[in-house]
Amino acid sequence: MKNVLITGATSGIGKKTAEILSKSYNVFETGRRESKKNNYYSCDLSNCSSVDTLIAAAKDYFKDGIDILINCAGQYLYKPIEQTVSKEADYLLNLNFKSAYLLSSAVIPDMKQKRWGRIINIGSISGMVGEGNATLYSATKSALSGLTRALALEVAEYNITVNQINPGWVETPLADCLNKDEKQEVIDVTPQKRFIEPVEVANLVKYLISEEAKGLTGQNINLCAGLSIGC
Ligand code: NAD
């Protein structure tokens, strides 16, 4: 069985993905909450030094290395740019982008040696089309899609694929920042008139890490109920 490290596994998309993948993979989970599960490590990924201890904990658990990395941990910020402060930019950039970069660079040497690997980044449609008043968030997710494309090229010859899923609004605790009227607005402007369900993202992750998807790499896949194609 292949070994999966997934960040942001305590809630929403990551939790559903960990639940589905656990049926056919060895899964090591991270999140901010404490847990007594032995396949779990709690850390704050906005703090770059957490990455080293997380990798050490996962490697210790698996013994034979990490085959698949799923970078799902992330936070959203909705505020006009002039109300944001530099500290918030550092926090979001570290969490939404830099942790994925650091974790990827930590797992690549083993993947290269095994000549097999999968990296999935969970971006956002906001990083593809831009979301006004979520400028910092959109920028961190755009950076992530640049990482996805370039890294995919860098490691392609080693049978390592790197892909990104960009969800539209998904029904998770992250979306609880919207009030009832704002949720209705999201439904109204979305071509399919609905939120994405976490299971839809989880099933796409499952496909992208499978052998069947070996030819797909460097792709940004918008899973957004039509939100990115216009209204
Ligand atoms: P969520 O709030 O339900 O879960 C977020 C997960 O990230 C949790 O496990 C949490 O512990 C972890 N996390 C947050 N801050 C962290 C930190 N500082 N250190 C370590 N872990 C941290 O949200 P979700 O909707 O499941 O979001 C998952 C990913 O999907 C995020 O990257 C988010 O940007 C992206 N996304 C979500 C939506 C949406 O509408 N829900 C849309 C597009 C993209």
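Angles under 35 degrees count as roughly parallel, over 145 as roughly antiparallel, 65 to 115 as roughly perpendicular and the rest as oblique. Keep that scale handy for the helix pairs on this tour.

A word on what you have open: this is a predicted model, where local features need pLDDT of at least 70 and side-chain atom pairs count only at pLDDT 80 or more, while totals for chains, interfaces and linings use all residues. Residues are numbered from 1 along each chain as its sequence is written, and side-chain values use heavy atoms, with hydrogens and water left out. Helices (H or I, at least four residues) and strands (E, at least two) are DSSP runs, numbered from the N terminus.

**Stop 1: H3 and H5**

Select residues 86-114 for helix H3 and residues 135-155 for helix H5. The axes of these two come within 9 Å and cross at roughly 15°; an axis here is a line fitted to C-alpha atoms, for helices over the stretch in contact, and angles run from 0 to 180 degrees between N-to-C directions. H3 and H5 are therefore roughly parallel to each other. The crossing of H3 past H5 is right-handed, a label given when the near helix is turned clockwise from the far one by less than a right angle, with anticlockwise being left-handed.

Now show side chains. On the H3 side, the contact (heavy atoms within 4.5 Å) includes Leu92, Leu93, Phe97, Tyr101 and Ile108. From H5, look for Leu136, Tyr137, Leu144, Leu147 and Leu151, among others. Colour the contact of H3 with H5 by class and you get 14 nonpolar, 3 polar and 3 charged residues. In this scheme Ala, Val, Leu, Ile, Met, Phe, Trp, Tyr, Cys and Pro are nonpolar, Asp, Glu, Lys and Arg are charged, and the others, Gly among them, are polar.

While you're on H5, click Gly146, which lies in this helix. With 30% relative accessibility, Gly146 counts as partly exposed; the bins are buried under 20% relative accessible area, exposed over 50% and partly exposed in between (1.4 Å probe, protein chains only). Draw a C-alpha to C-alpha distance to Asn220: the two are 74 residues apart in sequence and 9.5 Å apart in space.

**Stop 2: a loop residue, Gln75**

Go to the loop between S4 and H3, where you'll find Gln75. What does Gln75 touch, not counting residues up to four places away in sequence? Arg32, Tyr91, Leu92, Leu95, Asn96 and Tyr137. Gln75 is partly exposed, at 24% relative accessibility. For a longer ruler, try its C-alpha to that of Ile120: 45 residues along the chain, 17 Å of separation.

**Stop 3: H2 against H3**

Keep H3 on screen and add helix H2, residues 49-62. Their axes come within 10 Å and cross at roughly 40°, so H2 and H3 are oblique to each other. H2 also passes H3 in a right-handed crossing. Val51, Leu54, Ile55 and Lys59 are the H2 residues to pick, and they meet Ser99, Leu102, Leu103, Ala106, Val107 and Asp110 in H3. That contact has 7 nonpolar, 1 polar and 2 charged residues.

**Stop 4: H1, H7 and the strands**

Select H1 (residues 12-21) and H7 (residues 198-208), which pack at an angle of about 50° with their axes 8 Å apart. H1 and H7 are therefore oblique to each other, and their crossing is right-handed. Ile13, Thr17 and Ile20 are among the H1 residues in the contact, while H7 supplies residues including Val201, Ala202 and Val205. By class, the contact of H1 with H7 splits into 8 nonpolar, 3 polar and 2 charged residues.

Which residues of H7 are buried? Pro198, Val201, Ala202, Leu204, Val205 and Leu208. They cover an arc of only 160° around the axis (taken from the directions from the helix axis to the C-beta atoms), which puts them on the same side of H7. They pack against H1 and strands S4 (68-71), S5 (117-122), S6 (160-167) and S7 (220-223).

Zoom in on Thr161 in S6. Thr161 is buried, at 4% relative accessible area. Leaving aside neighbours within four places in sequence, its contacts are Gly117, Arg118, Ile119, Leu208, Lys214, Leu216 and Thr217.

**Last stop: two positive phi values**

Asn159 sits in the loop between H5 and S6, with phi near 70°, positive in a residue other than glycine. Asn159 is partly exposed, at 42%. Then find Ala225 in the segment after S7: phi is about 55°, again positive although it is not a glycine. Ala225 is buried, with a relative accessible area of 7%.
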